[in-house]
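Thanks for coming. I'll keep this short, and you can follow along on the screen.

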Amino acid sequence: MDLDISHLRMVCAMAETGSVTRAAARMGMSQPAMSNQLRRVEGIVGGDLFTRSRSGLEPTPLGRQVISRARTVLAELDTLFGDLRPSAAEDAALALGSVHLACVGSIVARVGDALPGREVSLRIEPSSALLGDALARGQLDAALLGIMEGFDVPLRAPVVSRTLVPRFPIFVALSADHPLAGREEIDLVDLKEESWVAPPGADDGSLASLRASCRAAGFEPIVRYEAPSGAACPLVAAGHGIRLVDPSWPPQPGTVVRPLTGEPQVARLVVAWRRDRLGDDDAAALYRGLAAAFVEHADSHPAFGTWWHAHPHVHPLL
C-alpha cells in the first residue's frame, strides 16, 4: 500500500483531535477502519506514530516528523491551483476578522509588519460562524477562526483556509476566592454545581461542546449567564459564575485561570481568506503575521506556556 492524501489527512486529524474516535468522526470513517489504516501507515513509515496518555493520543518523535511533513504537503495542496480570481492591489486595505483571543492586541501590528503598506482593520466577533459568513459575503478579506474539537465552520468558495494551531486546550476562569482556586488544575466533575457563563460563539459549537464534555463527566452544566467575553469578567470575579477562556489570557483582576484535567475542551485555530482578495504571497504573509501574534502571547499564562513548549508539533508552520 502506498501513502495517499487521505492518509495524511487522517494522521493530522488524529493529532488535532487527540482521539481515534473523534478523528474517525471528522473524516466520516468508522473507528475500526481508522485504526486499521493507522496500523498500515505505521507499517509503511516503520514505527508507531502515537502513544496514549491521560489527555489522549500523543505523537511519538517519529509521529511529530510525519505530522509536520503531512501538514506541509496539505498546505501546499491548498494553494496548488493559485488564486481563483485576480488579487487585490498590494496597497489595498485589509479587512481582517478574529475571534476574541488574547492575541488580538498584537494582530494589527504583526499582520501590518508582515504586509507592509497595507492598512489593517480588525473586526472582533465572539462567533467563528459569524466571521465565516462575513467572509462569504465579502465583508471581510480574511479571518482568524477558533473552532471547537468535533465541530466545523462551513466556508464557501472563494474562501479557503489553513490550520494555524491544530490543537490547544481551553482553560476555566473562576473567582480568586473560589475554593478550587488554589489547585494547579481542576477536574471538570468538580464544577458540576457551578453556574456557567455561556461560552461565546454558541452557534459554532462552543456551547454544545461544553454540554457534551460535562455530560461525559456525568452532569448537566448549569448555564445561567450570557455575556460577551469581557462583560463576563465582573461576574466571575464576584463569584457568581465560571467560564471557559482562551488559555493564553492572563487572569483578570479578582480571577484565576486554571487548566482542566484531561483536556476535555479542545479547540483549533484556522486562518481563512478570500482567494479573490489575497494572492498566495499575501496569504502566506498573513499566516506568518497571525502566527507571530499568537506565539507572542503563548507565555502570558504560565500553565499554557508550559503546555505550549511541551507540544511543539502544534506550533504554526513558518
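I'll go through the pockets, then one arginine, then the aromatic rings and a cavity. Keep in mind that this is a predicted model.

Start with the open spaces. The largest pocket has a volume of about 860 Å³. Lining it are 27 residues, and those closest to its centre are R9, E16, R26, T163 and R268. Which helix gives the largest share of that lining? It is α1, with five residues. At least two residues each come from α1, which is 5–17, from α2, 20–27, from α4, 61–78, and from β6 and β12. By class, the lining of the largest pocket has 13 nonpolar, ten charged and four polar residues.

The second largest pocket comes in at about 560 Å³. Its lining counts 33 residues, with H100, P200, L244, V245 and D246 closest to the centre. Here the split is 20 nonpolar, ten polar and three charged. Strand β12 supplies at least two residues to the lining of the second largest pocket, and it does the same for the largest pocket. Other elements that supply at least two to the second largest pocket include β5, 142–148, and β10, 243–245.

Now to R268, one of the residues closest to the centre of the largest pocket. R268 sits in strand β12, residues 266–274. Is R268 buried or exposed? Its relative accessibility is 7%, so it counts as buried; the cut-off for buried is under 20%. The R268 side chain reaches the backbone oxygen of F151 at 3.4 Å. Beyond its neighbours within four places in sequence, the contacts of R268 include E16 and R26, both also among the residues closest to the centre of that pocket. R167 and F168 are among the contacts of R268 too.

F168 takes us to the rings. There are six aromatic pairs in the whole structure. In one of them, F168 and F294 have ring centres 6.2 Å apart and planes at 55°, so the pair is tilted. F168 is in strand β6, residues 159–169, and F294 is in helix α9, residues 280–296, so the pair ties together parts 126 residues apart in sequence. Both F168 and F294 are buried. Ring pairs link these two with F171, F304, W307 and W308 into a cluster.

W307 also lines the second largest cavity, together with A15, L57, E58, R167, H313 and V314. That cavity holds about 40 Å³ of space, and its lining divides into four nonpolar, two charged and one polar. The structure has two cavities of 30 Å³ or more.

Technical notes. Residues are numbered from 1 along each chain as its sequence is written. This is a predicted model: local features need pLDDT of at least 70, side-chain atom pairs count only at pLDDT 80 or more; totals for chains, interfaces and linings use all residues. Side-chain values use heavy atoms; hydrogens and water are left out. Helices (H or I, at least four residues) and strands (E, at least two) are DSSP runs, numbered from the N terminus. Buried means under 20% relative accessible area, exposed over 50%, partly exposed in between (1.4 Å probe, protein chains only). A polar contact is a pair of N or O atoms within 3.5 Å; within protein, one must be able to donate a hydrogen and the other to accept it, and residues adjacent in sequence count only if both atoms are side-chain atoms. Contact means heavy atoms within 4.5 Å. On a 1 Å grid over the protein atoms alone, a cavity is a set of points where a 1.4 Å probe fits but cannot get out, and a pocket is an open set with protein on both sides within 12 Å along at least five of seven lines; lining residues have an atom within 4 Å of a point. Grid points are joined across faces, edges and corners, and a volume is the space filled by probe spheres set on the points. Ala, Val, Leu, Ile, Met, Phe, Trp, Tyr, Cys and Pro count as nonpolar, Asp, Glu, Lys and Arg as charged, and the others, Gly among them, as polar. Rings of Phe, Tyr and Trp (its six-membered ring) pair if their centres lie within 6.5 Å; planes under 30 degrees apart count as stacked, over 60 as edge-to-face and the rest as tilted.
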